[in-house]
Amino acid sequence: MAGRLAFHYFPGRSLLHRWDARCKFLGLLVLTIGFLHMGTLALTLFSALFAVALTIGGLPWRALLKELTGWLFFLGIIFLLQAFFYPGSEPPLFSWLPLSSKGLHLAVLTCWRLLLILCYATVFTFVTRPKDLQDAIVWFLNPFPFVPARRIAFMMTLTLRFLPLILDQAEEVGMAGRSRLSNQRKNPILRAKYFVLPLFRRSLIRADELALALAARGYREDLPVHLPGIPKGHLMALFLLLLGVLLCSQGIAEHVMKMVKTLI
């Protein structure tokens, strides 16, 4: 098995592992929305909190940071698009380069926000069992009639589960190909053929095995999910996180106050 860690569940008994999955899911949503409205100081604060979360969760932070470097390529593309195609009217920093200080600042903020969202989402998958996440999604969707809550939750957890498996298998197929010197083929179509076909074959076999395992265990969508109430301590932690995000976000607090005044 490949040594990939991203999007895998990492067993443990830390505070983050024991935090209710429903609160963790809402907390991740709050953080994702909040990051989109945060400035430099708030992003610095939540970057430090990310390091604290890694320590509390007892997670292998070096391996995790190494995994996250694989996303720097995509962030680099986003940075270049934001920096060079900013539609502002400010004069460029250099006469020969269409790059303004405001465009550069916006590009840095955008990539910083996306990186933090990715970091916290990775921590969420590290400390949340797929079964707990599935039950939490069913719990959230149950109040809505005519919504196949169990099916939607199962599809979401399967997506999260299969993504690292496919990445692992892609890495294994690539290593097997390199051991057979397939990377020295000059024809890119042949190289793609000897990579994509085995990967598809392995993925389809895993999907077939999963379907057989579900049928053998008598999987049914109409089985009810009974979850206990959320402990007060877990709700308090979620409330503190929400309060912190509101205080650090630019504009969210004002919008919330306007909505409250309108309702009153």
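Me: In this predicted model, buried means under 20% relative accessible area, exposed over 50%, and partly exposed in between; into which class does S47 fall?
Reply: S47 is found in helix 3, which covers residues 40-57. Its relative accessible area is 24%, and because the buried class ends under 20% and the exposed class begins over 50%, S47 counts as partly exposed.

Me: Which residues does S47 touch, not counting residues up to four places away in sequence, and how far is its C-alpha from that of L115?
Reply: Leaving out residues up to four places away in sequence, S47 touches W112 and L116. L115 lies 68 residues from S47 along the chain, and the separation of their C-alpha atoms is 9.7 Å.

Me: Is Q169 buried or exposed, and which residues does it touch beyond those up to four places away in sequence?
Reply: Q169 lies in helix 8, and its relative accessibility is 7%. Since buried means under 20%, Q169 counts as buried. Once residues up to four places away in sequence are set aside, the residues that Q169 touches are L199, R202, S203 and R206.

Me: What span does helix 8 reach from its first C-alpha to its last, and which residue just after this helix takes a positive phi?
Reply: Helix 8 runs over residues 149-179, a total of 31 residues, and at 1.5 Å a residue a span of 45 Å is expected. The model is close to that expectation, with a reach of 45 Å from first C-alpha to last. Just after helix 8, a positive phi of about 65 degrees is taken by L181.

Me: Which residue offers its backbone nitrogen at 2.9 Å from a polar atom of the side chain of H234?
Reply: H234 is found in helix 10, residues 232-248, and counts as partly exposed because its relative accessibility is 21%. Not counting residues up to four places away in sequence, H234 touches R18, W19, D20 and C23, while A21, 213 residues apart from H234 in sequence, is 9.8 Å away, C-alpha to C-alpha. The backbone nitrogen that lies 2.9 Å from a polar atom of the H234 side chain belongs to D20.

Me: What is the area of the nonpolar surface patch that includes F84?
Reply: F84 lies in helix 5, residues 72-84, and at 31% relative accessibility counts as partly exposed. A patch takes residues with over 30% relative accessible area, and F84 is one of its members, together with W71, F73, F74, I77, L80, L81 and F85. The nonpolar surface patch made by these residues has an area of about 830 Å².

Notes. Residues numbered from 1 in each chain as written. Predicted model: local features only at pLDDT ≥ 70, side-chain atom pairs only at ≥ 80, totals over all residues. Heavy atoms only, no water. Helix = DSSP H or I, 4+ residues; strand = E, 2+ residues; numbered from the N terminus. Expected span 1.5 Å × (residues − 1). Buried < 20%, exposed > 50% of the residue type's maximum accessible area, 1.4 Å probe, protein only. Contact = heavy atoms within 4.5 Å. Polar contact = N/O pair within 3.5 Å; in protein donor to acceptor, adjacent residues only side chain to side chain. Patch = residues over 30% accessible without salt bridge, like charges linked within 9 Å, V, L, I, M, F, W, Y side chains within 5 Å. Areas by Shrake-Rupley, 256 points an atom, 1.4 Å probe, with all protein chains shown as cover. Salt bridge = Lys/Arg side-chain N within 4 Å of Asp/Glu carboxyl O.
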